[in-house]
Amino acid sequence: MAKKRPAAKSAKPQLNNGEIPVVGAREPCPCGSGRRYKACHGAAAAHAVTEHVQRPFEGLPGECDWVALRELVPAATIPLSLKGGLPEGVPSVTLVTVLPMAWPALRREDGSVLLGLQNETSTGDLSRDMADTLERALVAEPGTPVAARRVPAEGPRLQDLLDADGGFEPVVHTGFEFWIPESEGGQNASPEIAASLERANAAAIPTVKLTGVDAAYWCETPDKNHLRWVMPHPEEKLLDALARLHAAGTSSLGEGTKLVGSFRAHGLMVPVWDLPTGVTADDVEKPAAELAERLAKALATDAPLTTEERRARGGLTNRQVTLS
């Protein structure tokens, strides 16, 4: 039986800054090892794709609002501050919930950058995926969108690029007109963007951010209204606290309102209250602030749950939905 000839070793290419580019899994690895990419430097990339970062926004200012804007809020914008300041030719960087045609980012004609939050990602770390998009947007040609791509295994995260002291103040909008610069007034929007804007506006659920508590968002739906409140507390401790309030009959936001369950999203818990139709965001500002005080006391309690509280906790646990 004839012996197999050893594979010829390919010349090692000259790589810029020692970086290994991302290629097809079955292609030769660009490092020059002679092995396929998936068996060489691609192994780390494949691991990065499957490894899930439970709290991708942890350590960023306004983590709870990041989660809300990613999963719950249709239209919002937030100016972002970068470490070391903005690059030359980039007057501003703005985080937006979504962009037309689901673009990951857009470099406008004036050089400003819009970074989309509600996009599909290629790895298990949303922060790293968005950081890659942001870096590419900062150097993109003005007037061009930034396309999605498979993100390399190694690279910065948002926590490495954004100024931790820059603050995070979302501005919730009734529609997506922020896609189009005010100076243009919509006159220069392409037919595709105009059609996308019309569809997005038609589907947007009216949403308002409460001012008296953090990361709580009122929304209006045809059947009833809701308050969805992203909270930073550990899930088990928060469930205990909410169960104490629920068993005591103090978990509501007033007459006709009810704590009905919660979402799990990006490592945080999002309790949800049903509100009667006609109850506005202004109507729940004071009740929400009062509930926050009751919740703080319940969170500080370490006593074992009573039978009624355990029963209430079980009911809340059974009404959890995981979004991400």
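**Entry 1. Salt bridges**

I began with a definition: a salt bridge is a side-chain nitrogen of Lys or Arg within 4 Å of a carboxyl oxygen of Asp or Glu. I note that the model I examined is predicted. By this rule I found a count of 12 salt bridges.

I looked up Asp-125 and found that it forms a salt bridge with Arg-157, with 2.7 Å between the closest N and O atoms. I then asked where the two partners lie. Asp-125 sits in the loop between strand E4 (113-116) and H3, while Arg-157 sits in the loop between strand E5 (144-146) and helix H4 (158-161), so the pair ties together parts that are 32 residues apart in sequence. Asp-125 is buried at a relative accessible area of 6%, whereas Arg-157 is partly exposed at 24%.

I turned next to a network: Arg-55, Glu-58 and Glu-63 are joined into one by salt bridges that share partners. Within it, I recorded the salt bridge between the side chains of Arg-55 and Glu-63, at 2.7 Å from N to O. Arg-55 is partly exposed, with a relative accessible area of 26%. Glu-63 is buried, with a value of 12%.

I also noted a salt bridge between Arg-70 and Glu-71, whose closest N and O atoms are 3.7 Å apart. Is each of these two residues buried or partly exposed? Glu-71 counts as partly exposed at 28% relative accessibility, and Arg-70 is buried at 16%. The cut-off I applied is that buried means under 20% relative accessible area.

**Entry 2. Helix H3**

I returned to Asp-125, which also caps the N-terminal end of H3. One of its side-chain oxygens lies 3.1 Å from the backbone nitrogen of Ser-127.

I recorded that helix H3 covers residues 126-138, which makes 13 residues. From its first C-alpha to its last, H3 reaches 18 Å, close to the 18 Å expected at 1.5 Å a residue.

How many residues of H3 are buried? I found 11 of the 13, so H3 is largely enclosed by the rest of the structure. Among the buried residues are Leu-126, Ser-127, Arg-128, Asp-129 and Met-130. Further along H3, the buried residues include Leu-134, Ala-137 and Leu-138.

**Entry 3. Helix H2**

I compiled a similar record for helix H2 (residues 63-71), which is mostly covered, with 8 of its 9 residues buried. Its buried residues include Cys-64, Asp-65, Trp-66, Val-67, Ala-68 and Leu-69. Glu-63 and Arg-70, both met in Entry 1, are also buried residues of H2.

**Entry 4. Helices H6 and H7**

I read that two packed helices are described by the angle between their axes and the distance between the axes. I therefore looked up both values for helix H6 (residues 235-247) and helix H7 (residues 281-299): their axes come within 9 Å and cross at roughly 115°. The crossing in which H6 passes H7 is right-handed.

Which residues make the contact? On the H6 side they are Lys-237, Leu-238, Ala-241, Leu-242, Arg-244 and Leu-245. On the H7 side they are Arg-294, Leu-295, Ala-298 and Leu-299.

**Entry 5. Arg-313**

I located Arg-313 in helix H8 (residues 307-318). Arg-313 counts as buried, at 17% relative accessibility. Leaving aside residues up to four places away in sequence, I listed what Arg-313 touches: Glu-236, Leu-239, Asp-240, Ala-243 and Leu-305.

**Entry 6. Positive phi values**

I looked up two residues that have a positive phi although neither is a glycine. Met-101 has a phi of about 55°, and I found Met-101 in the loop between strand E2 (93-96) and strand E3 (105-107). His-266 has a phi near 50°, and its place is the loop between strand E10 (258-265) and strand E11 (268-275).

Are these residues buried or partly exposed? Met-101 counts as partly exposed, at 38% relative accessibility, but His-266 counts as buried, at 8%.

**Entry 7. The whole chain**

I closed with totals for the chain. I recorded 8 helices and 12 strands. Of the 324 residues in the chain, 45% are buried. Among contacts between residues at least 6 apart in sequence, I noted that 61% join residues at least 24 apart.

Key: Residues numbered from 1 in each chain as written. Predicted model: local features only at pLDDT ≥ 70, side-chain atom pairs only at ≥ 80, totals over all residues. Heavy atoms only, no water. Helix = DSSP H or I, 4+ residues; strand = E, 2+ residues; numbered from the N terminus. Expected span 1.5 Å × (residues − 1). Buried < 20%, exposed > 50% of the residue type's maximum accessible area, 1.4 Å probe, protein only. Polar contact = N/O pair within 3.5 Å; in protein donor to acceptor, adjacent residues only side chain to side chain. Axes fitted to C-alpha atoms, helices over the stretch in contact; angles between N-to-C directions. Left-handed = near helix turned anticlockwise from the far one by under 90°. Contact = heavy atoms within 4.5 Å.
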